[in-house]
Structure formats: structure tokens, C-alpha cells
Amino acid sequence: MPRQDLEYPKEAHNTVKRYNHLAEYSLRTIHSIINSTPLLHISFNTPNTPYPATIPMIGQMGSFDRPSADLGDVLDLYIHGYISARLTNLTRTPSGLPITVSASTVDGLLLSLTPFSHGYNFRSAVLFGHATVVTDPAEKLYAMELITNKVVPNRWNEARTPPTAGEMAATAVMKVKIDTGSAKVRTGPPKDDKGDLENEEVREKVWVGTVPVYTVLGEPKVAEYNLADEVPKTLVEWRKEVNQDAKEYAELAAVKNLAPEKKKQDDN
């Protein structure tokens with residue numbers, strides 16, 4: 001019997017209203033977007049200023065208590081910071097600091113008959129939770145390895161580890177207990193209104209289609225002080241796999257709707 005995907009609860013602050021047929025609440029979908037996005041944007045309120053702050057940071061979903069948990073399980077978000085940074089200091093409370101985390105990736109440029117219908121193929125996710133500083137040394141090491149391996153898989157084992165006492169003291173790791181979240185995913189070709197589709201003069205004049213968009217990891221460039229003989233095999237294989245997967249997804253998303261069939265409920 002197939003396992004049913006867990007979903008985040010729909011609350012007032014995470015329920016998608018505009019184009020809600022694109023909405024996803026699946027933990028697996030949301031966690032996958034978070035973990036595959038190189039930079040996350042962390043938003044929070046700060047004292048003594050009327051403006052909320054948004055900071056780009058590196059973060060990864062995981063579970064210290066259940067390291068073998070997969071992306072469809074309940075997970076925490078670990079984010080990397082500096083020991084005396086503003087965000088770190090604000091999270092030093094028992095209840096934690098309320099934060100919002102966002103991630104997005106553009107997969108295609110949608111070129112329609114009219115500028116009104118132009119858009120993107122994209123994957124985006126938002127998480128809501130409370131951040132606290134990780135104080136347990138074992139959990140902090142777990143999180144640092146998790147975040148390092150987000151940059152390149154197995155990089156923790158290939159680099160000089162464990163961290164020195166000075167590095168541990170200067171580094172802060174925050175754990176975000178997730179309350180809820182949501183995602184929006186758009187795939188498929190562009191769409192136009194019926195009136196424009198029935199106008200042959202416009203259709204003969206305006207080119208319509210999708211430009212796939214994907215990130216390509218370039219050839220590794222050796223540093224001046226490098227003495228190692230060769231680029232790690234894991235890096236070579238991972239780079240090739242990531243480039244191939246990104247290209248295939250963007251090109252397939254350009255011509256096919258990859259989302260589960262849903263009833264359209266656009267709340268205007």
C-alpha cells in the first residue's frame with residue numbers, strides 16, 4: 001500500500017489564495033524546494049526599527065533525532081550564522097523568534113501573445129516557524145555537516161574536519177521548528193485568453209513559447225594554493241548529475257504540466 005504524503009496544516013498565514021490550483025502543502029514537495037535552493041531568505045521583525053529584515057542565508061532541512069528521516073517526514077530547518085549576528089541574538093529566547101523562510105527557483109520564461117499573460121515556470125516555498133540557537137555540541141556538529149553537504153555532497157568528509165574550537169565558537173547554528181508552510185509550483189506551456197487565441201492576425205505576428213531556465217555548474221577551477229592531485233570524484237559526478245537533472249526538468253516543464261491534476265480555484 002503506497003504511503004500517503006504528509007501535509008502541512010492550512011492556517012490563515014500559509015493558505016494560498018491567488019492561483020491556488022498551483023498550491024502544494026506536501027512536506028516532501030516543500031522540503032525538496034528548500035533543500036535544492038542554494039540561498040534561503042529569512043524574514044523577521046527587529047526591535048527599534050519599523051522595517052522587517054530579510055537576510056539571505058544557507059539552510060537545510062533535517063532531523064537530529066532521526067537522521068535517516070526522508071524529505072516527506074517532519075523535519076527541522078537548520079540555518080548557518082555568525083555567533084554575534086543580530087538574528088542569532090534575537091533567537092536566544094526559550095520560545096524562539098518567529099521567522100518566515102522563502103525559497104524560489106525559476107524554471108522557464110513564458111512568452112505569450114500578450115504581456116498580460118507572460119510569466120514564469122517556477123517552484124517556490126514558504127515556511128513559518130520559530131528559531132532558536134542550537135546549544136548542544138553534538139546537534140551543532142550534525143547541523144554544520146548537514147549544511148556543508150548542501151553545498152556539495154560529502155564535502156564535510158573531504159574537507160579538514162572536525163572544526164577547531166575557534167571555528168565552533170565563532171559559528172552559530174539556528175534550528176527552526178516549523179509550524180506550517182506551503183508551496184506553489186507552475187509547469188507547462190504558456191496560456192492565453194480565448195479572445196487572443198481566436199485572433200489569427202495576432203497569432204501570426206507574435207511568437208509564443210517557453211524558454212527553459214536552469215542553473216549550470218561550470219568546470220571546477222583550481223585554487224592557487226591547492227596541492228591535491230585531482231578534483232574529487234564525488235564532485236565530478238554530482239556536478240554532472242545536477243546539470244543533467246536541471247536541464248531535463250526545465251525542458252520537460254516547458255512543454256508539459258508536471259503537477260497533479262487539480263480543480264482550478266482562482267480567488268480573484
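A residue is called partly exposed when its relative accessible area lies between the limits for buried, under 20%, and exposed, over 50%. Glu-158, with a relative accessible area of 31%, is therefore partly exposed. The legends below use these words for a predicted model.

**Figure 1. Overview of the predicted model.** The protein contains eight helices and nine strands. Its C-alpha atoms fill a box of roughly 70 × 50 × 50 Å along the principal axes. Of its 268 residues, 36% count as buried. The exposed area is about 16,600 Å², of which carbon and sulfur atoms supply 55%. Among contacts with a separation of 6 or more, 73% are between residues 24 or more positions apart.

**Figure 2. The salt bridge between Glu-158 and Arg-155 in helix H4.** The two side chains meet with an N to O distance of 4.0 Å. Both residues belong to helix H4 (residues 155-158), and because they are three residues apart there, about one helical turn separates them. Arg-155, like its partner, is partly exposed: its relative accessibility is 37%, and that of Glu-158 is 31%.

**Figure 3. The largest nonpolar core.** In soluble globular proteins, nonpolar side chains tend to be buried together. The largest such core here has 28 residues, and Ile-34, Ile-42 and Leu-77 have the most contacts inside it. At least two residues each come from helix H1 (27-36) and from strands S2 (40-44), S3 (53-57), S5 (76-82), S6 (97-111), S7 (119-133) and S8 (171-186). Strand S8 gives the most, with five residues. Around Ile-42, and leaving aside neighbours within four places in sequence, the contacts include Ala-53, Ile-55, Met-57, Ile-79, Leu-87, Ile-99 and Val-101. Two threonines, Thr-54 and Thr-100, are also in contact with Ile-42. A second, separate core has ten residues, among them Tyr-78, Ala-143, Ile-147 and Met-168.

**Figure 4. The salt bridge between Arg-123 and Asp-107.** Side chains of opposite charge can pair when their charged atoms come close. In this pair, the closest N and O atoms are 2.6 Å apart. Arg-123 lies in strand S7 and Asp-107 in strand S6, so the pair ties together parts that are 16 residues apart in sequence. Asp-107 is buried, with a relative accessible area of 3%, whereas Arg-123 is partly exposed at 23%.

**Figure 5. Further salt bridges.** The structure holds ten salt bridges. One of them joins Lys-194 and Glu-198, whose closest N and O atoms are 3.9 Å apart. Lys-194 counts as exposed, with 61% relative accessibility, and Glu-198 also counts as exposed, with 56%. Elsewhere, Asp-5, Arg-28 and Asp-70 are linked in a network of salt bridges.

**Figure 6. The surroundings of Arg-239 in helix H8.** Helix H8 spans residues 233-255 and includes Arg-239. This arginine is buried, with a relative accessible area of 18%. The side chain of Arg-239 reaches the backbone oxygen of Gly-218 at 2.7 Å. Apart from neighbours within four places in sequence, Arg-239 is in contact with Leu-217, Gly-218, Glu-219 and Pro-220.

**Figure 7. A nonpolar patch on the surface.** Val-106, Leu-109, Tyr-120 and Val-211 make a nonpolar surface patch of about 300 Å². Val-211 is located in strand S9 (residues 209-212). With a relative accessible area of 35%, Val-211 is partly exposed.

**Figure 8. Backbone features at Tyr-19, Asn-154 and Pro-162.** Most residues other than glycine have a negative phi, and most peptide bonds are trans. Tyr-19, although not a glycine, has a positive phi of about 50°. Tyr-19 lies in the segment before strand S1 (23-24) and is partly exposed, with a relative accessible area of 34%. Asn-154 is likewise not a glycine and has a positive phi of about 70°. The loop between helix H3 (137-151) and H4 holds Asn-154, which is partly exposed at a relative accessible area of 30%. A cis peptide bond, with omega of about 5°, joins Thr-161 and Pro-162. Pro-162 is found in the loop between H4 and helix H5 (165-170).

Note on methods. Residues numbered from 1 in each chain as written. Predicted model: local features only at pLDDT ≥ 70, side-chain atom pairs only at ≥ 80, totals over all residues. Heavy atoms only, no water. Patch = residues over 30% accessible without salt bridge, like charges linked within 9 Å, V, L, I, M, F, W, Y side chains within 5 Å. Areas by Shrake-Rupley, 256 points an atom, 1.4 Å probe, with all protein chains shown as cover. Helix = DSSP H or I, 4+ residues; strand = E, 2+ residues; numbered from the N terminus. Buried < 20%, exposed > 50% of the residue type's maximum accessible area, 1.4 Å probe, protein only. Core = buried A, V, L, I, M, F, W, Y, C linked by side-chain atoms within 4.5 Å. Contact = heavy atoms within 4.5 Å. Polar contact = N/O pair within 3.5 Å; in protein donor to acceptor, adjacent residues only side chain to side chain.
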